[in-house]
Amino acid sequence: MPILSKLPNVGTTIFTVMSKLASDCGAINLSQGFPGFECDPELLDLVNKYMKAGFNQYAPMSGIPVLRERIADKTKLVYDVDLNSENEVTVVSGATEALYAAVTAVVRRGDEVILFDPAYDSYAPAIALNGGIPVYVPLEMPDFSVDWEKVKSAISDTTRLIMVNTPHNPSGYVWTQEDLDTLADLIQDTDILVVSDEVYEHITFDGRKHLSLVTHPTLRDRTFVCGSFGKTFHVTGWKIGYCLAPPQLTAEFRKVHQFLTFSTATPLQYALADYLAEPSRYLTLPDYYQQKRDLFCEGLKESPFKFTPAQGSFFQMVSYAHLSKESDYDLSVRLTKEIGVASIPISVFFSNKKDHKILRFCFAKKDSELYVALDKLKEIKL
Ligand code: PMP
Ligand code: GLN
């Protein structure tokens, strides 16, 4: 029976493709974004403890109260914002779920959704499955900052939502206070809502502070902030995160969440609640990753690539436009096969798949692995 696909243009994601190729070739996998080291053994002990103690049945739909409180405590400590953990914090099965549930809660058929281009790969399908119409605003090369005049022109009477991602994947661009203020000015007299993907909230460099949209009085009232413990505690395979939103939006968000996943793994929630009690576990993350970014960038200086050190996230982009006309996809496949280092061609993040001759490397790896990768990258022929 022929099936009329709801996502006719979607194939297997580049992250799956490149991770498989890396594995098939025995290459160092700097493609898909996941840490190449273990999380804190104390966190594993806590999960084990709660599993053995019988915390293995459904958690409450919105998340266990103590974890929601700890997330609110973290928001107070880091952003100096008071949240009511009862009706402004929801625990979800990863930021991907939060993004999908938020879009589904508010986007109706025919609604326009403004996306920055390039964007993380899950946004456009979430919009399409809800009958929304993506409206792309190109980010400005080379730093991938926002041209607010372009955003202004993209806003129409049918704009329902704007999707923000800071720190940005793949570029690492971190929004400034001016970015937040300008967005607020543009939408304050409209009914436009915002989804803010902040999964790299604790990974910023050179003293730069992540400015969560929850910190902005105007934006806070209309934004779903999506976070992920996978990124913060090196456990991407656990798929657990959270959504912060004002009570009215949280109520709508939970209506979707309860029929999407209903609830999120119980022992993980208890373990993370205990683990979050010690703030140094997330406050030390910028320094931890800055050392890796610096190590990686120092080594890259001896490679043929051009780059500007990432402002945030655990990705480093590099350009080879000055050296070769090879497509970024072909180059990333060739480097995986020939020198044994896998990366992501960033054309996949663009709506029109335009090739800017830029690759993305994930530096969330053991230093020893980064050194081996760098030795190989120094040798490449372009
Ligand atoms: N947003 C961005 C920008 C990401 O890079 C990722 C990838 N991890 C996600 C969302 C998904 O997060 P999670 O694994 O918690 O679903
Ligand atoms: N966020 C990860 C990345 O950008 C990938 C997650 C996934 O594979 N879906 O590499």
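These notebook entries record what I looked up in a predicted model of a protein with a bound ligand.

**Entry 1. The annotated span**

I began with the record. UniProt, in an unreviewed entry, lists residues 28-376 under "domain: Aminotransferase class I/classII large". I then turned to the model for the same residues, 28-376, and noted a make-up of 40% helix and 15% strand. The C-alpha atoms at the two ends of this span are 10 Å apart.

**Entry 2. The place of ligand 1**

I next asked which pocket ligand 1 sits in. The second largest pocket holds ligand 1.

I looked up the shell around the ligand and found 13 residues there. T96, D197, Y200, K231 and K239 are the ones that come nearest. Sorted by class, the shell has five nonpolar residues, five polar residues and three charged residues. I also checked which element gives the most to this shell. That element is helix 4, residues 95-106, with three residues.

**Entry 3. Polar atoms beside ligand 1**

I looked up three atom pairs between the protein and the ligand. For A95, the partner is a polar backbone atom, 2.8 Å from an oxygen atom of ligand 1. For S228, an N or O atom of the side chain is 2.7 Å from an oxygen atom of ligand 1. For K231, a polar side-chain atom lies 2.2 Å from a nitrogen atom of the ligand. I then looked up how much of ligand 1 is covered: on its own the ligand has 390 Å² of accessible area, and the protein covers 93% of this.

**Entry 4. Cis peptide bonds**

I turned to the backbone and asked which residues are joined by a cis peptide bond. One such bond joins M141 and P142, with omega at about 5°. I placed P142 in the loop that runs between strand 4 (133-138) and helix 6 (148-154). Another cis bond joins N169 and P170, and here omega is about 15°. I found P170 in the loop between strand 5 (159-165) and helix 7 (177-187). I noted both bonds because most peptide bonds are trans.

**Entry 5. A positive phi**

My last query was the sign of phi at D206: positive or negative? The value is positive, near 60°, and D206 is a residue other than glycine. I recorded this because most residues other than glycine have a negative phi. D206 lies in the loop between strand 6 (193-197) and helix 8 (217-220).

Terms used: Residues are numbered from 1 along each chain as its sequence is written. Chains are lettered from A and ligands numbered from 1 in the order in which they are written. This is a predicted model: local features need pLDDT of at least 70, side-chain atom pairs count only at pLDDT 80 or more; totals for chains, interfaces and linings use all residues. Side-chain values use heavy atoms; hydrogens and water are left out. A residue is near a molecule or strand if one of its heavy atoms lies within 4 Å of it. A polar contact is a pair of N or O atoms within 3.5 Å; within protein, one must be able to donate a hydrogen and the other to accept it, and residues adjacent in sequence count only if both atoms are side-chain atoms. Accessible areas come from the Shrake-Rupley method with a 1.4 Å probe; for residues, only the protein chains shown count as cover. On a 1 Å grid over the protein atoms alone, a cavity is a set of points where a 1.4 Å probe fits but cannot get out, and a pocket is an open set with protein on both sides within 12 Å along at least five of seven lines; lining residues have an atom within 4 Å of a point. A molecule sits in a cavity or pocket if more than half of its atoms lie within 2 Å of its grid points. Helices (H or I, at least four residues) and strands (E, at least two) are DSSP runs, numbered from the N terminus. Ala, Val, Leu, Ile, Met, Phe, Trp, Tyr, Cys and Pro count as nonpolar, Asp, Glu, Lys and Arg as charged, and the others, Gly among them, as polar. UniProt positions are given in the numbering used here, feature names are shortened, and annotations may be inferred rather than shown by experiment.
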